[in-house]
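Below are some reading notes for a colleague who is new to structures of this kind. Please keep the sequence and the 3D view open while going through the points.

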Amino acid sequence: MSWRVHSGVVRLAGAPRWVFFALVASVGLAAAAARAEVSDSPRDGNQQTDRYERSRMGTKPEEWARRLDDPRPDVRLDAIKLLGESQDPAAHDYLMQAVENSDPRVAVAAVDALGKIGAKDASGFLSEQLFLAERSAGLRQRILIALGRIKDPSAGQRILDFAAGETDKELRATAIRVLGEIGDASARAPIRDLASRENDPKFKTLLIDAEARITARESAAGRH
């Protein structure tokens with residue numbers, strides 16, 4: 001009796017060919033099973049991580065909201081992420097509460113989440129935050145960007161008031177651009193009036209551009 005090596009598999013000389021093929025098949029199945037047990041796929045790994053994170057954090061907005069006061073910063077930020085991905089309207093309220101969190105990273109993440117999901121029910125709250133003295137310039141900038149994403153016309157007047165009285169040039173420029181992004185026709189006349197009284201050529205140009213963008217949006221809406 002002798003053995004031969006064929007395609008990396010030891011074959012018993014004289015044995016029927018079906019024995020050889022059965023042996024090859026069993027080796028292949030064993031290898032596939034091993035690969036299934038330990039997957040190197042980044043996608044599979046991410047899915048497993050997401051399932052773990054959700055089981056660790058809970059499954060409801062109120063459970064995630066309780067994590068906003070966790071002593072670990074990564075847990076607080078994970079809670080914001082889950083609230084921002086939730087389809088439950090209650091998550092909006094928890095995100096607004098998180099804007100007032102003592103951790104500035106949590107506050108910024110909450111503002112960004114509200115802007116990303118286009119939470120119109122948060123636009124009034126966010127526009128009021130622009131006028132609070134304790135809000136940093138960085139947070140106000142993120143609030144303005146979020147309002148530009150939400151595009152709620154009801155926030156236009158407060159943003160206009162902010163742009164008229166703000167002394168930080170970068171914030172003021174962002175506020176004027178956001179007015180153009182929102183495209184509220186009722187803000188067109190006040191913007192034109194503010195531009196007529198503006199002495200800084202840069203801001204005058206920004207105001208004129210904002211009014212032009214609102215007019216263009218209104219014309220486009222009329223054509224459709």
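1. The largest nonpolar core of this predicted model has 51 residues, and among these Leu126 and Ile159 touch the most other members. Helix 10, which covers residues 169-182, supplies the largest share of this core, with seven residues.

2. Which residues does leucine 126 touch, once residues up to four places away in sequence are left out? The list for leucine 126 consists of Val99, Val111, Leu114, Ile143, Ala146, Leu147 and Ile150, and it may help to select these residues in the viewer one after another.

3. Turning to the protein as a whole, the secondary structure comes to 12 helices and two strands. Read from the N terminus on, the order is β-β-α-α-α-α-α-α-α-α-α-α-α-α, with the two strands placed ahead of the helices.

4. Of the 224 residues in the protein, 36% count as buried, while the area that the protein exposes is about 13300 Å², with 54% of it supplied by carbon and sulfur atoms. Among the contacts with a separation of 6 or more, 53% are between residues that lie 24 or more positions apart.

5. Helix 4 deserves a look of its own: it runs over residues 73-85, has 13 residues, and reaches 19 Å from its first C-alpha to its last, which is close to the 18 Å expected at 1.5 Å a residue. The buried residues in helix 4 are Val75, Arg76, Ala79, Ile80, Leu82, Leu83 and Gly84, a list that includes the charged residue type arginine as well as several nonpolar ones.

6. Just ahead of helix 4, in the loop that joins helix 3 (61-66) to helix 4, is the place of aspartate 70. Is aspartate 70 buried or exposed? Aspartate 70 counts as buried because its relative accessibility is 11%, and the cut-off for this class is under 20%. When residues up to four places away in sequence are not counted, aspartate 70 touches Val75 and Arg76, and both of these are among the buried residues of helix 4.

7. A word on confidence is needed before any part of the model is relied upon. The average pLDDT of the protein is 83, and 75% of the residues score at least 70. Over residues 18-25, however, the pLDDT is below 50, and this stretch has six contacts in the model beyond near neighbours in sequence. Over residues 29-39 the pLDDT is likewise below 50, and here the model has one contact beyond near neighbours in sequence.

Conventions:
Residues numbered from 1 in each chain as written. Predicted model: local features only at pLDDT ≥ 70, side-chain atom pairs only at ≥ 80, totals over all residues. Heavy atoms only, no water. Helix = DSSP H or I, 4+ residues; strand = E, 2+ residues; numbered from the N terminus. Expected span 1.5 Å × (residues − 1). Buried < 20%, exposed > 50% of the residue type's maximum accessible area, 1.4 Å probe, protein only. Contact = heavy atoms within 4.5 Å. Areas by Shrake-Rupley, 256 points an atom, 1.4 Å probe, with all protein chains shown as cover. Core = buried A, V, L, I, M, F, W, Y, C linked by side-chain atoms within 4.5 Å. pLDDT = per-residue confidence, 0-100.
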